[in-house]
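Hello,

Here is the structure for you to look over. My notes on the fold and the ligand site follow.

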Amino acid sequence: MKITIYIATSANGSISNSRNVPDWLSDEYGSGMMEICNRYRAVIMGRTTYDIIAPDYLPFSTDGIMKVMSRQKDLKAANAAVHFTSEAPREIVSSLELHGYSQAVIIGGTQTMSAFFQEGLVDDIYLVVEPVFFGRGLPLFEQVEFESKLNLLEFKKLNSNTTLLHYEVRK
Ligand SMILES: NC(=O)c1ccc[n+]([C@@H]2O[C@H](COP(=O)([O-])OP(=O)(O)OC[C@H]3O[C@@H](n4cnc5c(N)ncnc54)[C@H](OP(=O)(O)O)[C@@H]3O)[C@@H](O)[C@H]2O)c1
């Protein structure tokens with residue numbers, strides 16, 4: 001299974017600011033996220049990210065699956081495509097494969113991306129680099145030991161200030 005990360009960062013690599021207000025994200029980031037989720041039809045996110053985007057900004061409600069990582073029981077799904085899971089990353093991959101998916105996109109946040117990256121499960125990553133520095137913020141990864149070299153597959157200017165970088169993770 002191909003696992004892709006799609007995420008926006010500040011120019012110094014944070015995925016959120018200390019205010020935790022997403023007013024720095026471009027429209028191009030938002031439309032790109034919707035586009036890749038709708039193309040892959042299998043989406044993975046952490047429960048904190050889910051709480052921010054559900055129910056209004058979930059990418060779809062049918063014809064696909066959104067695996068939301070959580071250790072909590074009895075969470076109420078916002079729509080039929082949402083599946084809460086306490087499975088480990090490898091089990092999530094196996095379960096998606098059993099459902100016939102050959103690719104999935106992770107849309108955040110730090111804990112979820114770190115868990116998949118540490119297991120060596122990530123194949124490529126789209127970084128939407130927004131024109132802002134955060135002195136304090138959440139890093140792309142945390143509390144994980146790894147070093148990954150990357151191949152640059154594509155870079156593109158999305159608007160006058162925002163850049164898209166697409167990297168393949170060298171295996
Ligand atoms: N810049 C961007 O593109 C972007 C995109 C998405 C999110 N964000 C930002 O990222 C932040 C959220 O990131 P985050 O790292 O705090 O949270 P997260 O990864 O979205 O979610 C963390 C939660 O996921 C569950 N979880 C994580 N690892 C798990 C595991 N191995 N097994 C079972 N459940 C697991 C836990 O849920 P329970 O507590 O329910 O057990 C945990 O509290 C927000 O500030 C958001 O704004 C930024």
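Two residues are taken to be in contact if their C-beta atoms, placed from the backbone, lie within 7 Å. This is a predicted model, where local features need pLDDT of at least 70, side-chain atom pairs count only at pLDDT 80 or more, and totals for chains, interfaces and linings use all residues. Residues are numbered from 1 along each chain as its sequence is written.

Helices (H or I, at least four residues) and strands (E, at least two) are DSSP runs, numbered from the N terminus. Axes are lines fitted to C-alpha atoms, for helices over the stretch in contact, with angles from 0 to 180 degrees between N-to-C directions.

Helix α1 (residues 27-40) lies across β1 (2-9), β3, β6 and β7 (124-129), at about 155 degrees to β6. Helix α3 (residues 89-98) crosses β1, β3, β4 (65-69), β5 and β6, and runs at about 155 degrees to β3.

The eight strands form an open sheet with mixed pairing, in the order β5-β4-β3-β6-β1-β7-β10-β9; strands pair if DSSP finds at least two bridges between them. At the edges are β5 (82-85) and β9 (150-157), each paired on one side only. Strands β3 (residues 42-46) and β6 (residues 103-106) are parallel, with two bridges, and V43 has V105 as its bridge partner in β6.

Around the ligand there are 24 residues (C-beta atom, placed from the backbone, within 6 Å of it). G46, T49, G108, G109 and T110 come nearest. Elements giving two or more residues to this shell are β1, β2 (14-17), β3, α2 (47-53) and α4.

Regards
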